[in-house]
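Me: Please take a close look at one strand pairing in this model and describe how it sits within its sheet. I should then like the account to extend to the domains, a helix elsewhere in the chain, and the contact between the chains.

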Amino acid sequence: MRYLPHTDKEIEQMLSVTGHAHLEDLFSHIPDKCRYQGELNIGSPISEWALTDYFKSLGEKNSVSSAKAVLLGAGSYSHFIPEIVSDLMSRSEFLTAYTPYQPEISQGTLQGIFEYQTLTARLLGMEVANASMYDGASALAEALLMAIRIGRKKNTVAISSSIHPHYREVVKSYLQAESFTVIELKTDKKGRTDLSGLADIDGLAAVALQSPNFFGVIEELQDAATQIHDSKALFVCCFSEPFSYGMLKSPGESGADIVCGEGQSFGMPQSFGGPGLGMFASSKKYQRNLPGRLIGETQDVDGRRGYVLTLSTREQHIRREKATSNICSNQGLCALTAAAYMATLGGTGIREMAKLNFNKAEYLKNGLLAAGANLLFDSPTFNEFTLSFDSDFSKTRSRLLEKGIIAGMELSQFYPEYKDAYLFCVTETASKDTLDTVIQEVLL
Amino acid sequence: MKELSELDLPENIFYSDDHEWVQKTGDTVRIGISDYAQDQMGDIVFVEMPEVGETFEKGDEFGTLESVKAVSEMFIPLGGEVVAVNEALDDAPELVNSAPYSNWLVEIRPSNDSEFDDLLNREQYLQLLQE
């Protein structure tokens, strides 16, 4: 591919039209102090193949699964993607990020997203799911905004400090612009959210928990639902690992009003953190307050089944500034990928995969405990867990890295109060050899 | 769309600038939308109403009406406490189109009777529509 800059002659011609003597004059309104004055540190021109090699070598500095065994978790999970999913998703008919609004030319994609909504609603135990959000973090922010809309005059939300730190940052970015109050709830000694102070919060529209939470701990959702509803607030349940609901009671069954989270686990590669998929569901009662697009099933004039956008009056192209959200185009391809992934595994497959994740994680957890590690929280976990070490685990970590294993994320970077504690994650892709190696290195 | 002469505008009720009607029923009032409003909106498919017990100041948004072509916010013509909402509209919002004056939206207990002075009678409302 060639890059053709303007010639001096062309530039001169254009300047004569705009009435400027020099190219620089076009930038004269930008204050000097805002402009970079030195020479840019860019090398001399090189060939395309040399450039490709250069960037390839930079890329190889990354430590990615499956080249390395990554046992980190924290919102991004290494799950196997069956070939059928990748194959289907590489079909050009599906390649768009948008949810199409022209039913006459988009039946395939619309049906695919309708299936995604159906599968999502079933997995989360909710009545309605939308056509997707950007990612787990923005989905949580939108869920809280939705709860504030439903709560009308209420303008405070409480979020658990055991929610993913990045999600909490995004929530604050979204909500502070509208001058809503965000209160953080403490984590108790069991690694669960302390809900004891809810009664003292005025104008509480919603309480958000994550389960399993950032420490991998499974929150007691049913008890939480009772306490949150007693304080007249909506219960927003979020998640970063939807596989957990293959095994655990769904948030819907546990009494959540809005459920949202990250769908990366369902067929999306980790890809340096994105793109993700925001899964979003609620009870039917609140469907008109949902953000984003919704696909509905209908019939055409001849009585044939068809799919269309529905309840669009919530959206910005109709309702302008009163819309439930500014999101319109979204993660259409990622939602279709998740639909293909969930359908490939089926209900039984998701359950079996969840058990495999749980069993492997328990194997490593128990092995490390026997090797001398301590539980940071003595509570049930799914495929992530936190341990603290009396010895210096960072040295073990370096030795493992040399063996191609990236194990344990230092918790203190997000929670300074938990020193020498690490978050581990084990998915189905971790081999027994890998897990045994980690245990052996801790024993050293 | 109806011509002005075709509109049904009863004599015995008040109207607001926002095309609502207000009818006294003892110490409470019922609020609905005028024939003009329902005609302008087209087929109404959903009515979102406040909760009983909520209080509003005059001019507050108290709910929304959704038709096949638009969503309109409803602003309360009198401040007060909601004592009832017309639940029949949950399942049959189209009743607002077919009989806008018998299908009230909310019943409130007004907090300030002087606010009645700002409402319009039939003649005044008709004049507003003519302008």
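Reply: In this predicted model, A:M409 has A:L423 of β15(A) as its bridge partner. The two strands concerned, β14(A) and β15(A), the latter spanning residues 421–425, run antiparallel to each other and are joined over 2 bridges. They belong to an open sheet of 4 strands in chain A, ordered β11-β12-β15-β14, with antiparallel pairing. β14 (409–410) and β11 (374–375) of chain A are the edge strands; because each has a single partner strand, one side of each lacks a neighbour in the sheet. In general, the strands of a sheet pair through backbone hydrogen bonds, in a parallel or an antiparallel sense.

The domain division gives the wider setting. Chain A is split into domain 1 (69–79 + 347–443) and domain 2 (83–341), and the centres of these two domains of chain A, taken over C-alpha atoms, are separated by 28 Å. Their contact involves 25 residues of domain 1 of chain A and 23 residues of domain 2 of chain A. On the domain 1 side, the elements giving two or more residues are α9 (332–370) and β12 (384–388) of chain A. Of the elements, α9(A) gives the most, with 7 residues. By class, this side of domain 1 of chain A consists of 12 nonpolar, 9 polar and 4 charged residues.

A helix elsewhere in chain A offers a second local view. In α7(A), the residues A:L221, A:A224, A:A225 and A:I228 are buried. They lie on the same side of α7(A), because the arc they cover around the axis is only 105°. The buried residues of this helix, α7(A), pack against β5 (204–210) and β6 (234–239) of chain A. A:Q227 also falls within helix α7 (residues 221–230) of chain A. A:Q227 is partly exposed, because 18 other C-beta atoms lie within 10 Å, whereas a buried residue would need 20 or more. Beyond its neighbours within four places in sequence, A:Q227 is in contact with A:L195 and A:L198. A:L198 is 29 residues from A:Q227 in sequence, yet their C-alpha atoms are 8.1 Å apart in space. Just after α7(A), A:K232 adopts a positive phi of about 60°.

Finally, the contact between the chains draws 5 residues from chain A and 6 residues from chain B. The chain A side that touches chain B comprises 1 nonpolar, 1 polar and 3 charged residues.

Note on methods:
Residues numbered from 1 in each chain as written. Chains lettered and ligands numbered in written order. Predicted model: local features only at pLDDT ≥ 70, side-chain atom pairs only at ≥ 80, totals over all residues. Contact = placed C-beta atoms within 7 Å. Nonpolar A, V, L, I, M, F, W, Y, C, P; charged D, E, K, R; others polar. Buried ≥ 20, exposed ≤ 12 C-beta atoms within 10 Å, placed from the backbone. Arc of directions from axis to C-beta. Pairing = 2+ DSSP bridges. Domains from an automatic or database assignment.
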